[in-house]
Amino acid sequence: QVLLVESGGGLVQPGGSLRLSCAASRIMYSINAMGWYRQAPGKQRELVATITDDDSTNYADFVKGRFTISRDNAKNMVYLQMNSLKPEDTAVYYCNAVVLVVGQRYDFWGQGTQVTVSS
């Protein structure tokens, strides 16, 4: 099992920046990939960005050029730097960790952190 705890959310004006952090603990197996997803009210959860254990990244089109995901394996941390924020970025942001054990995928989720972009 993996425990994930997010931090760094809050209220920011359009055009502003926030940095989300996610700390992973209680790790019994190697984490293969980590990522950030978000869910706005009335919408499904959607992928924002992912990063693998070899630092390969993937971004949703709507954040490319604005958000950057990074990872510190030594500290079991993953970060999401969010710049040029827009009101439509308002959502609960969830940290995700993927563990592969004998070919079986296991997903773990944090409790989420609220990001609100508003003037």
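**Exercise 1.** Which residues form a disulfide, and how far apart are their sulfur atoms?

*Solution.* Start with the ground rules. This is a predicted model, where local features need pLDDT of at least 70, side-chain atom pairs count only at pLDDT 80 or more, and totals for chains, interfaces and linings use all residues. Residues are numbered from 1 along each chain as its sequence is written, and side-chain values use heavy atoms, without hydrogens and water.

Step 1: apply the cut-off, a pair of cysteine sulfur atoms within 2.5 Å. Step 2: search the whole structure; one disulfide turns up. Step 3: name the pair. Cys-22 and Cys-95 form the link, with sulfur atoms 2.1 Å apart.

**Exercise 2.** Place this link in the chain and describe its handedness and burial.

*Solution.* Step 1: locate the ends. Cys-22 lies in strand β3 (residues 18–25) and Cys-95 in strand β9 (residues 91–101). They are 73 residues apart, so the pair links distant parts of the chain. Strands are DSSP runs of E, at least two residues, and helices are runs of H or I, at least four, numbered from the N terminus.

Step 2: read the torsion. The angle about the S-S bond is -85°, a left-handed link.

Step 3: check cover. Both Cys-22 and Cys-95 are buried, meaning under 20% relative accessible area (1.4 Å probe, protein chains only).

**Exercise 3.** Characterise the overall fold of the chain.

*Solution.* Step 1: count elements. There are zero helices and eleven strands.

Step 2: take the burial. Buried residues make up 43% of the 119 residues.

Step 3: get the extent. The C-alpha atoms fill a box of roughly 45 × 25 × 25 Å along the principal axes.

How values were computed: Buried < 20%, exposed > 50% of the residue type's maximum accessible area, 1.4 Å probe, protein only.
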